[in-house]
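Reader: I'm new to this one and would like a close look at a single part. Could you walk me through the sheet, strand by strand?

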Amino acid sequence: MTSFPVAANHDHWWLTTEPRWKRLHAVPGIALDASDEDMLETLCEPPWPVLAAVCGWTGEMTMPGVLSRLSLQRCGHCCRKLGIKPGNGTPANEAHRETMAIVMTAMREAQDPRASAPVAGEEQDR
Ligand SMILES: [Zn+2]
């Protein structure tokens, strides 16, 4: 369940925009060094790095939380540029989403508070 530029993510970061988490945009893997822990921290707290997405959108971006990585809508322009299908969640999560939906449904049915609790770093309707 990663936003990192792995092969399953078409060698792109999948990041979302600050301050509103509206879409997952594809950022070329070379834009950020995934082995640089200091850089990774800048993706998780302000000041946010200004990055250019494949679609041309440029602005402050952040690492999406786990639920956003699974469910946030991918930018259609980025998908077209990469030649992949539009959809929700990072491309690497395509295989995980069905499993996650089953888990979340089971947790809701069991009234597990984790099924409705906000995920750290992820607020509703930012
Ligand atoms: Zn985009």
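Author: Sure, let's start where two strands meet: in strand E4, Gly59 is the bridge partner of Leu51. That pair belongs to the contact between E4 and strand E3, residues 50-52, where three bridges join the two strands and they run antiparallel. E3 and E4 make a hairpin with five residues between them. Look at Gly56 in that turn, as its phi is positive, about 105°.

Keep in mind that this is a predicted model. The mean pLDDT of the protein is 86, with 88% of the residues at 70 or more.

Now for the other partner of E4. Strand E1, residues 12-17, pairs with E4, residues 58-62, over two bridges, in the antiparallel sense. Here you'll find Thr16 opposite Thr62 of E4.

From E1 we can step over to E2. E1 and E2 pair through five bridges, again in the antiparallel sense. One spot to pick out is His12, whose bridge partner in E2 is Pro28.

Put together, you get an open sheet of four strands in the order E2-E1-E4-E3, with antiparallel pairing. E2 (24-28) and E3 stand at the edges with a single partner strand each, so one side of each has no neighbour in the sheet. On average, neighbouring strands here are turned by 65° against each other, direction ignored.

As for what holds such an arrangement together, strands of a sheet pair through backbone hydrogen bonds, parallel or antiparallel.

Terms used:
Residues numbered from 1 in each chain as written. Predicted model: local features only at pLDDT ≥ 70, side-chain atom pairs only at ≥ 80, totals over all residues. pLDDT = per-residue confidence, 0-100. Pairing = 2+ DSSP bridges. Axes fitted to C-alpha atoms, helices over the stretch in contact; angles between N-to-C directions.
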